[in-house]
Every structure is written in C-alpha cells, then in structure tokens.
Amino acid sequence: MTSRLQRWAPAATGVVLWLAAGLSAGYWGLQLLGRSPAVPVPPPASQPVAPDTGLVARALGALGAGAAGVPDDAAPAAGDARYVLQGVVGDRGDGVAALIAVAGRPARPFRVGMAVDEGLVLHSVQGRIARLAPSTRAAPTVELRLPDPAS
C-alpha cells in the first residue's frame, strides 16, 4: 500500500502545482486585459429642485387661493394675513394637523397645542377651520379658513 502512495504522490503534487500556476496566469491575464481607464464621475447637472408648497397643499386637500404658494421673500402682512391655512391633514380625532404658512415661509404641519409663532399656539382644528390663540389665554383670537372646494 505504501508503494502505491509513494508512486502517486509526486504525480498528484505536479498536477496541483500546474493547476495553481494555470489559474494564477489566467487571473493575472484577465486583470491586465480587463482594465479600462479611470473615468471621473461628472458632477450633478443642476441644483436639487425645491418642492412646490402650493402643489403639496392642493394634494393634501387645500383648494383655491389658500393653496397658492407664497414666495419665501414675501414681506409678512399685519394681522391675520401673516398666517395662511393651506390644508388640514389627519382624522377628526387627536391625529389632526393643520398646514400653516407663517410670514411667507413654506407651510409646516402643526398639531393642537403646538406653538405656531412667538406667543401663538394652535388652539383647535375643526373641519376646514383652524383657530390660533395666545399661549397665555384660552380664547382663540385668529381664525384661519380654507376656501370652499366649489370656489
């Protein structure tokens, strides 16, 4: 039995070494032939597009003049015109939020009790009406309405 093993050991070693040499040569040949020149990645073609708040508000249910987007550089108007109700999101329970644009900035969702502006909180939301009140008083002082869908 040992004579048989002694006879096949050099042959098996030679086959393994030639197989390893062939695989190594094939690998390095593919590495040299398969390389392409490095191509730099071009920079993005343009700046990211800002979302249109008017379209978002209309998609969430606001219609008419209240859904129009207000430019970011618009000067804030005095009184109620400073706040624009652009939509109401959620169910009629605790999950309701009002989309309110403050002083020409893009609309943000506010839940009841959250501060909308300095010293002013969202008091209540009922249907298409949102009421704002000073944080020190419970009586609402500003009432924001969404336009009727028919208009």
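Is Val89 buried, exposed or something in between, and what is its relative accessibility? At 31% relative accessibility, Val89 counts as partly exposed. Here buried means under 20% relative accessible area, exposed means over 50%, and partly exposed is in between, with a 1.4 Å probe and protein chains only.

## What you're looking at

This is a predicted model, where local features need pLDDT of at least 70, side-chain atom pairs count only at pLDDT 80 or more, and totals for chains, interfaces and linings use all residues. Residues are numbered from 1 along each chain as its sequence is written, and side-chain values use heavy atoms, with hydrogens and water left out.

The chain has two helices and seven strands. Both kinds of element are DSSP runs numbered from the N terminus: helices are H or I with at least four residues, strands are E with at least two. Walk along the sequence and you meet them in the pattern α-α-β-β-β-β-β-β-β. Of the 151 residues, 25% count as buried. The chain exposes about 10900 Å², and carbon and sulfur atoms supply 63% of that. Accessible areas like this come from the Shrake-Rupley method with a 1.4 Å probe; for residues, only the protein chains shown count as cover.

## The three-stranded sheet

Let's start with the sheet in the order S1-S2-S3, which is open and has antiparallel pairing. Strand S1 (83-89) and S3 are its edge strands, each pairing on one side only. From one strand to the next, the twist averages 40°. Axes for such angles are lines fitted to C-alpha atoms (for helices, over the stretch in contact), and angles run from 0 to 180 degrees between N-to-C directions. Two strands pair if DSSP finds at least two bridges between them.

S1 and S2 run antiparallel and are joined by six bridges; one partnership puts Val84 with Ala101 in S2. Strand S2 (residues 97-102) also pairs with strand S3 (residues 108-111) in the antiparallel sense, over four bridges. There, Ala98 has Phe110 in S3 as its bridge partner.

Five residues sit between the strands in the hairpin of S2 and S3. Ala103 lies in this loop, and its phi is near 55°, a positive value in a residue other than glycine. Ala103 is buried, with a relative accessible area of 13%.

## The four-stranded sheet

The other sheet to find is open too, with antiparallel pairing and the order S4-S5-S6-S7. Strand S4 (115-117) and strand S7 (142-145) stand at the edges with a single partner strand each, so one side of each has no neighbour in the sheet. Strand S5 (residues 120-126) and strand S6 (residues 129-134) are antiparallel partners over six bridges, with Val121 standing opposite Ala133 in S6.

Just before this sheet comes Met114, in the loop between S3 and S4. Met114 is partly exposed, with a relative accessible area of 33%. Leaving aside residues up to four places away in sequence, Met114 touches Pro109, Leu120, Val121 and Leu122; a contact means heavy atoms within 4.5 Å.

## Salt bridges

How many salt bridges does the count come to? Three, where a salt bridge is a side-chain nitrogen of Lys or Arg within 4 Å of a carboxyl oxygen of Asp or Glu. In one of them, the side chains of Asp117 and Arg82 meet at 2.8 Å, N to O. Asp117 is in strand S4 and Arg82 is in the loop between helix H2 (53-59) and S1, so this pair ties together parts that are 35 residues apart in sequence. Asp117 is buried at 17% relative accessible area, while Arg82 is partly exposed at 26%.

Then there's a network: Arg131, Glu143 and Arg145 are linked by salt bridges. Arg131 and Glu143 have their closest N and O atoms 3.1 Å apart, and the pair links strand S6 to strand S7, twelve residues apart. For Glu143 and Arg145 that distance is 2.9 Å. Arg131 counts as buried at 18% relative accessibility, Glu143 as partly exposed at 35% and Arg145 as exposed at 54%.

## Back to Val89

Val89 is found in strand S1. Together with Val56 and Leu60, Val89 forms a nonpolar surface patch with about 200 Å² of accessible area. Patches are made of residues with over 30% relative accessible area and no salt bridge; like charges are joined within 9 Å, and nonpolar side chains (Val, Leu, Ile, Met, Phe, Trp, Tyr) within 5 Å.
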